[in-house]
Amino acid sequence: MDDDTQVSLGRTHPIHTIEDLLNPSDHTLANCISTRKAMIVVSPTVRRSFGESIDTYLDEHNLRCSVRQIDAPSGESSKTMDQVIQVLEHGADFGLRRRDVIIAVGGGICCDLVGLAATLYRRGVPHVKIPTTLLGIVDAGIGIKNGVNTTFGKNKVGAFRQPEATFIDAMFLETLPKSELLNGIAEIMKMGLVVDRAIFEILRSDGACLIAQRFMPTSAAAKDLINRSIVGMQIELSKDPNETGVLERAVDFGHTFSPLFETASGYRITHGEAVSMDMALSICIANKLQWISDEQRHTVLKTFRALGLRTDCADFSVDQRLEALREATCHRAGALALPLPFGEIGSCRFFMDRATLSPQMLAECDAVLRAYQ
Ligand SMILES: NC(=O)c1ccc[n+]([C@@H]2O[C@H](COP(=O)([O-])OP(=O)(O)OC[C@H]3O[C@@H](n4cnc5c(N)ncnc54)[C@H](O)[C@@H]3O)[C@@H](O)[C@H]2O)c1
Ligand SMILES: [Zn+2]
């Protein structure tokens, strides 16, 4: 085990950073499973890339595991209750008991499905998350929220449940396609714009090179980006882990318009792409409100273009944007609480006055964004 990341604010679960977790000489995962039965849930892609390593590791350590593949043919549209039920049925079939453990090895979708299944199985069994996408590593794999999509919206059914542990191993990223890498970069950018300016500066100076080199998980800049994002996220989440407070969350930056972008596109737009488009629009709004200068807006959007992050949200009408603001207000207990960069890049305030965001202002943002596509 190389490094443990734990913040002192609030209650968080242990997040362990390990290099080469599936190397049989590493005992971290074996010690975690110990004498328990463990059901390991993987997606077909992850099974193809890492199935053999998982099997070898389990054999070498003589562990009582069953590796179950979740059938996720079309990504986001298969993050459904049906998939959760499939995981539950696998658990029953395997004879999983209350003190046993379910382990997700996969992207954010696998982590979400397993987290919810673990909440429901026999009213709750322990679970462990091993995220294998960059988005999973810096976001979906380290929180305590788990959700599935429904006919009435994205992540509209779910549960808060703390994993027993999260294991981070950036070596998984070696097989990740560039488009998926960019989805994770979008969530890292979120942290850079509203939580930790140093993240933005690293992305600005090294981001394009890192992406071209497929993120090179062993490079200092990649490690720094991952560590800073995880610590920043833990600090933000630990302020109100179960979201029972005022619901002013910096990490909601990029997550106000994006749920509508995802659902209205029939999930053809990925979560990371939608978050990028939302952030670009939000940057324009922050500038129109004079919360950031023209120069700051230009610096941010130029960086989006250099990294290949999407900024084009013109396909979504002003009415749809207003609808997204209404929905966000509803989700945030009646307050808009739109997080936006304020003054400095890397710090944030919450904009509360929905009426000020006029249709005209929202439409004018497209003219600005067009220059960066
Ligand atoms: N619960 C939370 O707190 C939280 C936070 C952020 C995002 N999310 C959710 O996460 C989901 C997005 O996650 P995602 O972007 O990881 O998508 P994903 O889980 O669909 O993974 C993307 C694709 O990459 C494949 N893959 C995974 N690891 C791989 C690897 N190492 N090499 C090659 N291919 C690999 C997957 O099989 C999948 O086909 C969304 O549903 C979003 O709502 C949840
Ligand atoms: Zn997100």
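This text walks through a predicted model, from its two domains to its ligand and then to one helix.

Start with the overall division. The protein chain splits into domain 1, residues 3-175, and domain 2, residues 178-370. Taken over C-alpha atoms, the centres of the two domains lie 26 Å apart. The domains touch: 26 residues of domain 1 and 29 residues of domain 2 make up the contact.

Look now at the domain 1 side of that contact. Two elements give two or more residues to it: α5 (134-140) and β8 (153-160). Helix α5 gives the most, with five residues. By class, the residues on this side are 13 nonpolar, eight polar and five charged.

Next comes ligand 1. Its shell holds 30 residues, and T45, G107, G108, I109 and T133 come nearest. Several elements give two or more residues to this shell. They are α2 (44-60), α4 (108-120), α5, β7 (145-150), α6 (178-194) and α10 (271-288). Helix α5 thus appears in both places: it gives residues to the side of domain 1 that touches domain 2, and it gives residues to the shell around ligand 1. Both domains take part in the shell, as each of domain 1 and domain 2 supplies at least three residues. The shell has 17 polar residues, seven nonpolar and six charged.

Now turn to helix α3, residues 81-94. This helix has 14 residues. From its first C-alpha to its last it reaches 20 Å, close to the 20 Å expected at 1.5 Å a residue.

Which residues of α3 are buried? They are Q83, V84, V87 and G91. These residues cover an arc of only 105 degrees around the axis, so they sit on the same side of α3. The spacing has a simple background. An α-helix has 3.6 residues a turn, so residues three or four places apart point the same way.

The buried residues of α3 have several partners. They pack against β3 (38-42), β5 (101-106), α4 and β7. Two of these partners, α4 and β7, were met above: each gives two or more residues to the shell around ligand 1.

The other face of α3 tells the opposite story. Turned away from the buried side, it carries the exposed residues D82, I85, E89, A92 and D93.

What follows α3? The next residue is G95, and its phi is positive, near 80 degrees.

Note on methods: Residues numbered from 1 in each chain as written. Chains lettered and ligands numbered in written order. Predicted model: local features only at pLDDT ≥ 70, side-chain atom pairs only at ≥ 80, totals over all residues. Domains from an automatic or database assignment. Contact = placed C-beta atoms within 7 Å. Helix = DSSP H or I, 4+ residues; strand = E, 2+ residues; numbered from the N terminus. Nonpolar A, V, L, I, M, F, W, Y, C, P; charged D, E, K, R; others polar. Near = placed C-beta within 6 Å. Expected span 1.5 Å × (residues − 1). Buried ≥ 20, exposed ≤ 12 C-beta atoms within 10 Å, placed from the backbone. Arc of directions from axis to C-beta.
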